[in-house]
Amino acid sequence: MTQLIENIKDWRSLRGELAKENKSVGFVPTMGALHEGHSSLVRKSKSENDVTLVSIFVNPTQFEDSQDLEKYPRTLVEDLKRLESDGADYVLFPRAEDMYADKYQYQVVENILSRDLCGAHRPGHFQGVLTVVLKLLNIAEAHRAYFGEKDFQQYVLIRGMAEAFFLKTEIVPCPTVREQDGLAMSSRNTRLSSDDRQRATLFPELLEHTTNPEEITRRLIDRGFFVDYIEEKWGRRFGAVRLGDVRLIDNVKI
Ligand code: PAF
């Protein structure tokens, strides 16, 4: 039975009990609107730890656009059902006032990687992500925390932060989970119109099979995509595009 915890203090005292029992804790931080990609993280955590904690917190500081924050899907009832069937033990659903009691006075700033790729198009985004993840990792006190490789730049930055600040939690990357037609699973996919949803499959297809970033960009623009970037680094080909007001990101190994 999955237990919902809305108060950070309640989790901390429970965490103390788990420590006394020598239980290992796996942590899956999320912003809700859960899909099979999140379930795969929960399953991995369950296979490697005694107890799995999932957090659901739509983090306001990582949205540079207030409309994007408003439109972000919130589906707590369905999320809890999914987590129950995935076998998550605890769900932390903290309040923004508790997470940001400091009113975002304290922030984690990374000066190089966070300005590249998505960071170049979303100023302040990774500052918000790193700040909330540091808070969540400190709250969870997990042995391992699981992050999807769809957000590969986020994973690299979090891994770097964990090293830089000597965090005890191991940061575990997990492979991207895709729809049958190849589109990377994302909470944002549900906001695509049916035309755009069909068109969206071209994005992973071109990333996977076309080697020239300029050609990928040209072909996406021809089909009505707005392209933020297509770039290669770290042995991967990265892309971020927009269809209507929905932003999609993806990356593949090259
Ligand atoms: O990847 C996400 O869902 C979010 O960026 C995260 C890591 C939960 C931080 O809010």
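This short talk covers one helix, two cysteines and two loop residues of the structure shown above. Please keep in mind throughout that this is a predicted model.

Let me begin with helix H1. Helix H1 spans residues 8-20, which makes 13 residues. From its first C-alpha to its last, H1 reaches 19 Å, close to the 18 Å expected at 1.5 Å a residue. At the start of the helix, a side-chain oxygen of Asn7 comes to within 3.0 Å of the backbone nitrogen of Lys9. After H1 comes Asn22, which has a positive phi, near 60°.

Which residues of H1 are buried? They are Ile8, Trp11, Leu14, Arg15 and Leu18. Viewed down the helix axis, these buried residues fall within an arc of 120°, so they line one face of H1. The general background is that an α-helix has 3.6 residues a turn, so residues three or four places apart point the same way. On the face turned away from the buried side, H1 carries the exposed residues Lys9 and Lys20.

What covers the buried residues of H1? The cover includes four strands, E1 (3-5), E2 (25-30), E3 (51-56) and E4 (90-92). It also includes helix H5 (96-99) and helix H7 (125-140).

I turn now to the cysteines. A search of the whole structure finds zero disulfides. Why is there no bond at Cys118? The closest cysteine sulfur to that of Cys118 belongs to Cys174 and lies 19 Å away, too far for a bond; a disulfide would need the two sulfur atoms within 2.5 Å. Seen from Cys174, the closest cysteine sulfur is in turn that of Cys118. Both residues are buried: Cys118 has a relative accessible area of 5%, and Cys174 has one of 2%.

Cys174 leads us to Glu149, since the two residues are in contact. Glu149 sits in the loop between strand E5 (144-148) and helix H8 (152-164). Is Glu149 buried or exposed? Its relative accessibility is 17%, and it therefore counts as buried. Leaving aside neighbours within four places in sequence, Glu149 also touches Pro173, Pro175, Thr176, Arg236 and Asn251.

My last residue is Gln180, in the loop between strand E6 (170-174) and helix H9 (194-199). Gln180 has 89% relative accessibility and so counts as exposed, whereas Glu149 counts as buried. Gln180 and Arg223 are 43 residues apart in sequence, and their C-alpha atoms are 21 Å apart in space.

Note on methods. Residues numbered from 1 in each chain as written. Predicted model: local features only at pLDDT ≥ 70, side-chain atom pairs only at ≥ 80, totals over all residues. Heavy atoms only, no water. Helix = DSSP H or I, 4+ residues; strand = E, 2+ residues; numbered from the N terminus. Buried < 20%, exposed > 50% of the residue type's maximum accessible area, 1.4 Å probe, protein only. Contact = heavy atoms within 4.5 Å. Expected span 1.5 Å × (residues − 1). Arc of directions from axis to C-beta. Polar contact = N/O pair within 3.5 Å; in protein donor to acceptor, adjacent residues only side chain to side chain.
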